[in-house]
Amino acid sequence: MKPVREDLKQFLKFMFCSQAAWLADCGVFALAHEVFALHYILCKVLSYTTGAIVSYSLNRKITFRSCESFISKTLLKFLIVNIVSIGLSLLAMSAVVDYAGWNVWLGYFFSILFSFSNNYLGNRFWVFKNVPRGE
């Protein structure tokens, strides 16, 4: 069993990688929504996909130190976790924007709560659980 300190260190690395992925996500969302005036759902799909690519790339090397090739069974698991996450995110965003009347940007930030929690748990306990690790 890993000491609590190692789990905390891993969680902080995940937070760092998530922030980088979020910056990519937010940038694409802003560009698609504010510049190209696309529907917010399409903007979220484009931005989330961008963030997921950044997240997978960084987390596999920094947080979980995977030695597997980029294309692997780990990628398939990651895609499954992120399909669930984007579904939760889109449902949350749609609920607060279309039904509660919130601003699109408030809905965007609200939806992150759902995807972040699902992503951390899915990545930590399923996607990267048994992958070979480098030093």
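**Close-ups of a four-helix packing job****View 1. Helix 2 and its neighbours.** The buried residues of helix 2 pack against helix 1 (4-35), helix 3 and helix 4. As with every view here, this is a predicted model. The buried set in helix 2 includes Tyr-40, Cys-43, Lys-44, Ser-47, Tyr-48 and Gly-51. Further along helix 2, Ala-52, Ser-55, Tyr-56, Asn-59, Arg-60 and Thr-63 are also among the buried residues. Just past the end of helix 2, look for Arg-65, which takes a positive phi of about 45°.

**View 2. The largest nonpolar core.** This core has 13 residues, and Tyr-56, Phe-78, Val-127 and Phe-128 are the ones with the most contacts inside it. Helix 2 (40-63), helix 3 (73-99) and helix 4 (104-127) each put in at least two residues. Helix 3 gives the most, with 5 residues. Zoom in on Tyr-56 and, leaving out residues up to four places away in sequence, you'll find it touching Ser-69, Phe-70, Ser-72, Thr-74, Leu-75, Phe-78 and Phe-128. There is also a second, separate core of 10 residues, whose members include Cys-26, Ala-32, Cys-43 and Tyr-108.

**View 3. Aromatic pairs around Trp-102 and Trp-105.** The count comes to 15 aromatic pairs. In one of them, the rings of Trp-102 and Phe-110 have centres 5.3 Å apart and planes at 70°, so the pair is edge-to-face. Trp-102 is partly exposed at 38% relative accessibility, and Phe-110 is partly exposed too, with a relative accessible area of 25%. Trp-105 and Tyr-108 make another edge-to-face pair, 5.4 Å centre to centre with 65° between the planes. Both of these residues sit in helix 4, 3 residues apart, about one turn of the helix. Tyr-108 is buried, with a relative accessible area of 0%. Step back a little and ring pairs link Trp-105 and Tyr-108 with Trp-22, Phe-29 and Phe-109 into a cluster.

**View 4. A nonpolar patch on the surface.** Leu-31, Val-35, Phe-36, Leu-38, Leu-42, Val-45 and Leu-46 make a nonpolar surface patch of about 600 Å². Helix 1 and helix 2 each supply at least two of its residues, and the largest share, 3 residues, comes from helix 2. Leu-38 sits in the loop between helix 1 and helix 2. At 31% relative accessibility, Leu-38 counts as partly exposed.

**View 5. Two salt bridges.** A search of the whole structure turns up 2 salt bridges. One joins Arg-124 and Asp-7, with the closest N and O atoms 3.1 Å apart. That pair links distant parts of the chain, with Arg-124 in helix 4 and Asp-7 in helix 1, 117 residues apart. Arg-124 is buried, with a relative accessible area of 17%, whereas Asp-7 is partly exposed at 26% relative accessibility. Lys-44 and Asp-25 form a salt bridge as well, their closest N and O atoms being 4.0 Å apart. Lys-44 lies in helix 2 and Asp-25 in helix 1, so this pair ties together parts 19 residues apart in sequence. Lys-44 is buried at a relative accessible area of 1%, and Asp-25 is buried at 7%.

**View 6. Ser-115 in helix 4.** Ser-115 lies in helix 4 and counts as buried at 7% relative accessibility. Set aside its neighbours within four places in sequence, and Ser-115 is in contact with Tyr-48, Ser-85 and Ser-89. Also in helix 4 is Leu-121, which is partly exposed with a relative accessible area of 49%. The C-alpha atoms of Leu-121 and Val-81 are separated by 9.2 Å, with their positions 40 residues apart along the chain.

**View 7. Cys-17 in helix 1.** Cys-17 has its place in helix 1 and is buried, with a relative accessible area of 0%. Not counting neighbours within four places in sequence, Cys-17 is in contact with Leu-58, Asn-59, Ile-62 and Thr-63. Of these, Asn-59 and Thr-63 are listed among the buried residues of helix 2. From Cys-17 to Ser-72 it is 20 Å, C-alpha to C-alpha, for two residues that are 55 residues apart in sequence.

Definitions and conventions: Residues numbered from 1 in each chain as written. Predicted model: local features only at pLDDT ≥ 70, side-chain atom pairs only at ≥ 80, totals over all residues. Heavy atoms only, no water. Core = buried A, V, L, I, M, F, W, Y, C linked by side-chain atoms within 4.5 Å. Buried < 20%, exposed > 50% of the residue type's maximum accessible area, 1.4 Å probe, protein only. Contact = heavy atoms within 4.5 Å. Phe/Tyr/Trp six-rings, centres within 6.5 Å; stacked < 30°, edge-to-face > 60°. Patch = residues over 30% accessible without salt bridge, like charges linked within 9 Å, V, L, I, M, F, W, Y side chains within 5 Å. Areas by Shrake-Rupley, 256 points an atom, 1.4 Å probe, with all protein chains shown as cover. Salt bridge = Lys/Arg side-chain N within 4 Å of Asp/Glu carboxyl O.
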